[in-house]
Amino acid sequence: MTLMKAQDVLLATRSAGKVRELRPLLERAGWTVVDLESFGLYDEADEADIERHATFEENALAKARYFYEIAGGIATIADD
């Protein structure tokens, strides 16, 4: 895992397109964006169970909580 600074944010998405879309927005807001692979979190089979909720909001929150926990409490933003 990568050592992160206070202004870093983990962007919890496996979509390269969403990283390209969201990175500039977050960086303009003063965050340094670290994607999952750069952080050393590679695709795991159990991730398929994360997005099982009825709404986009619930799925994004579940994904953010999941990656927050496995990344050791790093500020995390997720999409859905």
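In this predicted model, Asp35 belongs to strand S2, which spans residues 32–35. Asp35 is buried, since its relative accessible area is 17% and the cut-off for that class is under 20%. The side chain of Asp35 has polar atoms that face two backbone nitrogens: that of Glu37 at 3.1 Å and that of Ser38 at 2.9 Å. Beyond its neighbours within four places in sequence, Asp35 is in contact with Leu10, Leu11, Val19 and Arg23.

Two of these partners, Leu10 and Leu11, lead to strand S1, where both are buried. Strand S1 covers residues 8–12, and 5 of its 5 residues are buried, so the strand is largely enclosed by the rest of the structure. In a regular strand, side chains alternate between the two faces of the sheet. For S1, both faces are covered: one carries the buried residues Asp8, Leu10 and Ala12, and the other carries Val9 and Leu11, which are buried as well.

Strand S1 has pairing partners in both S2 and S3. With S2, the pairing is parallel and runs over 4 bridges, with Val34 as the bridge partner of Leu10 in that strand. Between S1 and S2 the chain passes through helix H1 (residues 16–28), and the resulting β-α-β crossover is right-handed. With S3 (residues 76–78), the pairing is again parallel, here over 3 bridges. In S3, Leu10 has Thr76 as its bridge partner.

Leu11, also in S1, is buried because its relative accessible area is 0%. Once neighbours within four places in sequence are set aside, the contacts of Leu11 are Lys18, Val19, Leu22, Leu26, Val33, Val34, Asp35, Leu36 and Ile77. The C-alpha atoms of Leu11 and Phe67 lie 9.1 Å apart in space, although 56 residues separate the two in sequence.

Turning to the nonpolar interior, the largest core has 14 residues. Those with the most contacts inside this core are Leu10, Leu36, Phe39, Leu41, Phe67 and Ala71. Strand S1, helix H2 (36–39) and helix H3 (56–70) are the elements that give two or more residues to this core. Helix H3 gives the most, with 4 residues. A second, separate core has 5 residues, among them Val9, Leu11, Val19 and Val33. Leu10 and Leu11 are thus a handy pair to follow in the viewer: Leu10 is in the largest core, whereas Leu11 is in the second core.

Phe67, one of the residues with the most contacts inside the largest core, touches several parts of the chain. Apart from neighbours within four places in sequence, Phe67 is in contact with Leu10, Ala12, Arg14, Leu36, Leu41, Glu47, Ile50 and Thr76. Of these, Leu10 and Thr76 are also bridge partners, linking S1 and S3.

Phe67 also takes part in the 1 aromatic pair that the structure holds. The ring centres of Tyr66 and Phe67 are 4.9 Å apart and the ring planes stand at 85°, so the arrangement is edge-to-face. Both residues of the pair, Tyr66 and Phe67, are buried.

Notes:
Residues are numbered from 1 along each chain as its sequence is written. This is a predicted model: local features need pLDDT of at least 70, side-chain atom pairs count only at pLDDT 80 or more; totals for chains, interfaces and linings use all residues. Side-chain values use heavy atoms; hydrogens and water are left out. Rings of Phe, Tyr and Trp (its six-membered ring) pair if their centres lie within 6.5 Å; planes under 30 degrees apart count as stacked, over 60 as edge-to-face and the rest as tilted. Buried means under 20% relative accessible area, exposed over 50%, partly exposed in between (1.4 Å probe, protein chains only). Two strands pair if DSSP finds at least two bridges between them. A crossover is right-handed if, with the strands pointing away from the viewer, the path from the first strand over the helix to the second runs clockwise. A polar contact is a pair of N or O atoms within 3.5 Å; within protein, one must be able to donate a hydrogen and the other to accept it, and residues adjacent in sequence count only if both atoms are side-chain atoms. Contact means heavy atoms within 4.5 Å. A nonpolar core is a set of buried Ala, Val, Leu, Ile, Met, Phe, Trp, Tyr and Cys residues joined through side-chain atoms within 4.5 Å.
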